[in-house]
Amino acid sequence: MRWKDREISDESGIKAIIGKAVVCRLGLVNGNTPYVVPLCFGYHDNTLYFHSALKGLKIDCIRKNPNVCFEFDLNAEVKESENACDWGMIFQSVIGFGKAKFIEDSNEKRNALGIIMAQYSDKQFEFPENEVKATAVIRVEIDSMTGKQAGF
């Protein structure tokens, strides 16, 4: 990282950002073109979870190339100044890399869907079998991630 003073090096700081985030941007490879999609997510034990329709560009990209990049950001705010070159941003972010895999087992899918819902609610949910079968559930085992912040 170029600006070492902006690096979030402790795992708890990175997890705190992920815990407060409401959107994860997932970067995929679409042939020789990048493709980024904002998603609802869940995080548990160094693993990200996403859900999707069974068909679509995101699914096609993952099937062809499971390598992904992901990004979370919080508290983004423009920092104004009299001088144009002194403008900046206040923010916190996490960027990481991993490999996406589809979860096929119904019980594992339910568990992952519960982790996703836990990102947004303290309630417990039931997932009917017909809906579980109609949903793609994706697990990203995280290889690496870094945090960065400015203005904190």
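Visitor: Where is Asp45 found?

Guide: Asp45 is found in the loop between strands β4 (42–44) and β5, where helices (H or I, at least four residues) and strands (E, at least two) are DSSP runs, numbered from the N terminus. This is a predicted model, in which local features need pLDDT of at least 70 and side-chain atom pairs count only at pLDDT 80 or more, while totals for chains, interfaces and linings use all residues. Residues are numbered from 1 along each chain as its sequence is written, and side-chain values use heavy atoms, with hydrogens and water left out.

Visitor: What makes Asp45 count as exposed?

Guide: Buried means under 20% relative accessible area, exposed over 50%, and partly exposed in between (1.4 Å probe, protein chains only). Asp45 has 61% relative accessibility and therefore counts as exposed. Asp45 also has a positive phi of about 50°, although it is not a glycine.

Visitor: Why is Asn46 called partly exposed?

Guide: Asn46, which is found in the loop between β4 and β5, has a relative accessible area of 36% and is therefore called partly exposed. Its phi is near 60°, a positive value in a residue other than glycine.

Visitor: How do you know that Cys24 and Cys69 form no bond?

Guide: A disulfide is a pair of cysteine sulfur atoms within 2.5 Å. The closest cysteine sulfur to that of Cys24 is in Cys69, at 9.1 Å, and so it is too far for a bond. The structure holds zero disulfides. As for accessibility, Cys24 counts as buried because its value is 0%, whereas Cys69, with a relative accessible area of 26%, is partly exposed.

Visitor: Why are β2 and β3 said to pair?

Guide: Two strands pair if DSSP finds at least two bridges between them, and strand β2 (residues 24–30) and strand β3 (residues 33–39) have seven, in the antiparallel sense. Within this pairing, Val36 in β3 is the bridge partner of Gly27. The hairpin of β2 and β3 has two residues between the strands, and Gly31 takes a positive phi near 70° there.

Visitor: What makes a set of residues a nonpolar core?

Guide: A nonpolar core is a set of buried Ala, Val, Leu, Ile, Met, Phe, Trp, Tyr and Cys residues joined through side-chain atoms within 4.5 Å. The largest one here has 29 residues, and those with the most contacts (heavy atoms within 4.5 Å) inside it are Phe41, Leu48, Phe50 and Phe72. Strand β8 (136–150) gives the most to this core, with five residues. A second, separate core of eight residues includes Tyr49, Ile103, Ile115 and Val137.
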